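Student: I would like a close look at one part of this model: the largest cavity. Which elements line the largest cavity, and how do the helices there pack?

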Amino acid sequence: TLRQYQVDGFHFLVYLTVNRFGGVLADDMGLGKTLQSISWILWLRSLGEQSSPCLVVCPKSVLDVLATEFAKAAPQLRVQVLRDKDELDIEFVRDGADVLVINYAQLRSCIEALQKITWLAAILDEGQQIKNPDSKVAKAARQLHAENRLVLTGTPVENRLLDLWSLMSFATPGALGDRAY
């Protein structure tokens with residue numbers, strides 16, 4: 001059961017989807033960004049238009065937390081948590097998983113394989129990991145093919161406005177203009 005502010009966040013995600021935007025869901029830690037994004041994934045999958053899996057990228061320390069959250073909130077989803085990059089079987093993911101959960105190092109090192117799928121949604125949890133637009137992980141994130149894009153973060157701007165530009169260049173490419181602009 002979502003709290004009212006989480007329902008509002010979910011409605012925001014639906015609004016973004018309906019209008020073909022990516023977005024950033026930013027609020028304090030512990031307020032339910034993960035639950036809102038799981039609800040959004042369930043809603044996307046209920047549309048039935050797309051059978052592609054969703055990709056969730058998170059820090060390595062959060063892999064098991066996300067697996068637990070998916071098991072509690074959406075046990076009907078087939079969630080694969082990639083613990084070792086050598087275990088990535090892109091054909092299995094395409095045909096046998098609803099959600100693939102990986103860490104940022106795996107995103108960077110497996111980008112060629114991950115590009116072979118057009119993801120229903122690509123979600124960056126703790127998205128400030130791509131705040132430096134010149135980092136390899138930020139460049140890899142921008143190379144993903146996804147119908148929907150979402151960044152979850154408690155700190156959309158840590159040091160400078162370029163942090164937010166980097167998040168938005170993943171979520172909604174071109175919406176804030178190019179880097180120089």
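Tutor: In this predicted model, the lining of the largest cavity draws at least two residues from each of helix 2 (33-46), helix 3 (63-73) and strand 6 (121-125). Helix 2 gives the largest share, four residues. The volume of this cavity is about 40 Å³, and the structure holds one cavity of 30 Å³ or more.

The residues that line the largest cavity are Thr-34, Ser-37, Ile-38, Ile-41, Val-56, Leu-66, Phe-70, Ile-123, Asp-125 and Leu-152. By class, seven of the lining residues are nonpolar, two are polar and one is charged.

Next, the packing of the helices. Two packed helices are described by the angle between their axes and the distance between the axes. For helix 2 and helix 3 the angle is about 55° and the axes are 10 Å apart. Helix 2 is therefore oblique to helix 3, and the crossing in which helix 2 passes helix 3 is right-handed. On the helix 2 side, the contact is made by Thr-34, Leu-35, Ile-38, Ile-41 and Leu-42; on the helix 3 side, by Leu-66, Glu-69, Phe-70 and Ala-73. The classes in this contact of helix 2 with helix 3 are seven nonpolar, one polar and one charged. Thr-34, Ile-38, Ile-41, Leu-66 and Phe-70 appear both in the cavity lining and in this contact.

Helix 2 also packs against helix 1 (residues 4-18), at an angle of about 45° and with the axes 9 Å apart. That angle makes helix 1 oblique to helix 2, and helix 1 passes helix 2 in a right-handed crossing. From helix 1, Tyr-5, Gln-6, Gly-9, Phe-10, Leu-13, Val-14, Thr-17 and Val-18 take part. Their partners in helix 2 are Leu-35, Gln-36, Ser-37, Ser-39, Trp-40, Trp-43 and Leu-44. This contact of helix 1 with helix 2 has nine nonpolar and six polar residues, and no charged ones. Ser-37 of helix 2 meets helix 1 and also lines the largest cavity, while Leu-35 takes part in the contact with helix 1 and in the contact with helix 3.

Methods. Residues numbered from 1 in each chain as written. Predicted model: local features only at pLDDT ≥ 70, side-chain atom pairs only at ≥ 80, totals over all residues. Heavy atoms only, no water. 1 Å grid on protein atoms, 1.4 Å probe; cavity = no way out; pocket = protein on both sides within 12 Å on 5 of 7 lines; lining within 4 Å. Points joined across faces, edges and corners; volume = space filled by probe spheres on them. Nonpolar A, V, L, I, M, F, W, Y, C, P; charged D, E, K, R; others polar. Axes fitted to C-alpha atoms, helices over the stretch in contact; angles between N-to-C directions. Parallel < 35°, antiparallel > 145°, perpendicular 65-115°, else oblique. Left-handed = near helix turned anticlockwise from the far one by under 90°. Contact = heavy atoms within 4.5 Å.
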